[in-house]
Amino acid sequence: MTTTARAILAGGLVSLNLWNTVTQAYNGFGDPLDSDKFEIKPNFEEKTSESRSHKDYGQARASVVLPKPTELTIELSAATVEALAMQFQGLVQNLTQGAGTFAGVDFAVTALDQWLPLGKRSIGENIEFENASGSVTYVRGVHYEVNFLRGLVRFLSSAQDGPAAAAVLKLTGAYGAVDGKKVLGGRVTQVRCQARLDGQNMVDGSPIEVDVHECVLGSNNGFDFLGSDFSAITLSGKIVTPAGQTEGYEIRLPGAATV
């Protein structure tokens with residue numbers, strides 16, 4: 001005997017297989033992502049021939065519903081670098097740096113009260129600046145401030161006996177290794193990918209599977225980094241029927257496994 005759930009309230013995870021424009025091939029499905037929406041919206045255009053006969057004027061003599069491209073909207077809540085790249089139409093690049101030291105390196109104070117780059121990120125707490133002769137050691141918090149993560153220093157004009165603009169100092173200290181990613185925004189206007197949903201109807205526990213064979217998505221909504229609530233990454237676009245397929249997507253409702 002089979003039963004039918006009287007309603008659908010689904011939960012699930014979304015996986016994406018991104019098209020690589022360099023290799024001209026799909027990268028492969030990554031880890032499932034937490035998502036708040038996976039909406040497929042079929043569209044149609046209705047054409048109606050209206051009668052002009054005095055006997056049934058204005059009535060439909062014929063009507064036809066023609067299909068139009070199906071829309072797909074995905075809202076990702078997972079904060080992966082790939083998801084952020086899709087949100088900001090960006091390319092993903094590695095952000096790497098090996099650990100090392102500054103051993104009496106010349107550092108030019110090109111301006112006061114401005115953040116100046118040290119040339120490395122992830123600066124250690126033991127950073128130190130001396131004058132060219134090594135007779136004066138400047139004090140952090142008095143003569144200068146440091147942004148350790150970004151690798152920036154700002155010399156203060158308000159400090160007494162601080163270095164003058166254009167002075168060349170000796171920099172000593174260490175910096176840590178960095179292994180991360182960065183998104184170059186505005187470099188990719190569309191996301192071509194395959195998408196799938198592995199879900200479950202929470203009403204009766206039955207599985208729900210959706211496979212989108214190909215879709216082209218884009219992002220045109222804002223992303224507020226300082227919003228008072230959780231920020232979703234919203235992608236929307238059209239489902240495409242790729243070569244070799246007769247449909248753009250499949251929805252499967254497999255029954256329970258039997259032994």
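Me: What percentage of the 259 residues of the protein chain count as buried?

Reply: Buried means under 20% relative accessible area. In this predicted model, 27% of the 259 residues of the protein chain count as buried.

Me: How does the radius of gyration of the protein chain stand against that of a compact globule of 259 residues?

Reply: The reference is the value for a compact globule with that number of residues, near 18 Å. The protein chain has 30 Å. The spans of the C-alpha trace along the principal axes can be read beside that: about 105 × 60 × 40 Å.

Me: What area does the protein chain expose, and what share of it do carbon and sulfur atoms supply?

Reply: The exposed area is about 16400 Å², and carbon and sulfur atoms supply 51% of it. For charge, compare the mean positions of the two signs: those of the 21 positive and 28 negative charges are 8 Å apart.

Me: How many helices and strands does the protein chain have?

Reply: There is one helix, alongside 17 strands. For contacts, look at the separation in sequence. Among contacts with a separation of 6 or more in the protein chain, 68% join residues 24 or more positions apart.

Me: What is the strand order in the open sheet of three strands?

Reply: An order lists the strands as they lie side by side. Here the order is E7-E11-E10, with antiparallel pairing. E7 and E10 are the edge strands, each pairing on one side only.

Me: How many bridges join E11 to E7, and how many join E11 to E10?

Reply: Strand E7, residues 116-117, pairs with E11 over two bridges in the antiparallel sense. Strand E10, residues 144-147, pairs with E11 over four bridges, also in the antiparallel sense. To fix the register, find which residues stand opposite each other. On the E7 side, Pro 117 is opposite Leu 152 of E11. On the E10 side, Val 146 is opposite Val 153, and Tyr 144 is opposite Phe 155.

Me: Which residues of strand E11 form the covered face, and which the uncovered one?

Reply: Take the strand residue by residue and sort the side chains by face. In E11, residues 152-155, Val 153 and Phe 155 make up the covered face. Leu 152 and Arg 154 make up the uncovered one. Val 153, on the covered face, is the residue that stands opposite Val 146.

Me: How many residues lie between the strands in the hairpin of E10 and E11, and what phi does Gly 151 take?

Reply: Four residues lie between the two strands, and Gly 151 takes a positive phi near 80 degrees. Most residues other than glycine have a negative phi.

Me: Where do Asp 113 and Ser 122, with positive phi values, lie?

Reply: A positive phi outside glycine is worth locating in the chain. Asp 113 has a phi near 65 degrees and lies in the loop between E6 and E7. Ser 122 has a phi near 55 degrees and is in the loop between E7 and E8. Asp 113 is partly exposed, with a relative accessible area of 38%. Ser 122 also counts as partly exposed, at 28% relative accessibility.

Me: What is the order of the open sheet of four strands?

Reply: Read the order, then the edges. The order is E6-E12-E8-E9, with antiparallel pairing. The edge strands are E6 (100-108) and E9 (137-138), each pairing on one side only. Strand E8, residues 128-130, pairs with E9 over two bridges in the antiparallel sense. In that pairing, the bridge partner of Phe 129 is Tyr 138 in E9.

Me: Why does Gln 87 count as buried?

Reply: Gln 87 is buried because its relative accessible area is 4%, and the cut-off is under 20%. Gln 87 lies in helix H1, residues 81-87. Leaving aside neighbours within four places in sequence, its contacts include Ser 219, Asn 221, Phe 223 and Leu 235.

Me: Is Pro 67 buried or exposed?

Reply: Pro 67 counts as exposed because its relative accessibility is 71%, where exposed means over 50%. Pro 67 is found in strand E4, residues 60-76. Not counting residues up to four places away in sequence, Pro 67 touches Asn 43 and Phe 44. The C-alpha atoms of Pro 67 and Ala 111, 44 residues apart along the chain, are separated by 64 Å.

Terms used: Residues are numbered from 1 along each chain as its sequence is written. This is a predicted model: local features need pLDDT of at least 70, side-chain atom pairs count only at pLDDT 80 or more; totals for chains, interfaces and linings use all residues. Side-chain values use heavy atoms; hydrogens and water are left out. Buried means under 20% relative accessible area, exposed over 50%, partly exposed in between (1.4 Å probe, protein chains only). Two strands pair if DSSP finds at least two bridges between them. The radius of gyration is taken over C-alpha atoms; the globule rule is 2.2 Å times the number of residues to the power 0.38. Contact means heavy atoms within 4.5 Å. Accessible areas come from the Shrake-Rupley method with a 1.4 Å probe; for residues, only the protein chains shown count as cover. Lys and Arg count as positive and Asp and Glu as negative; His and the chain ends are not counted. The place of a charge is taken as NZ of Lys, CZ of Arg, CG of Asp or CD of Glu.
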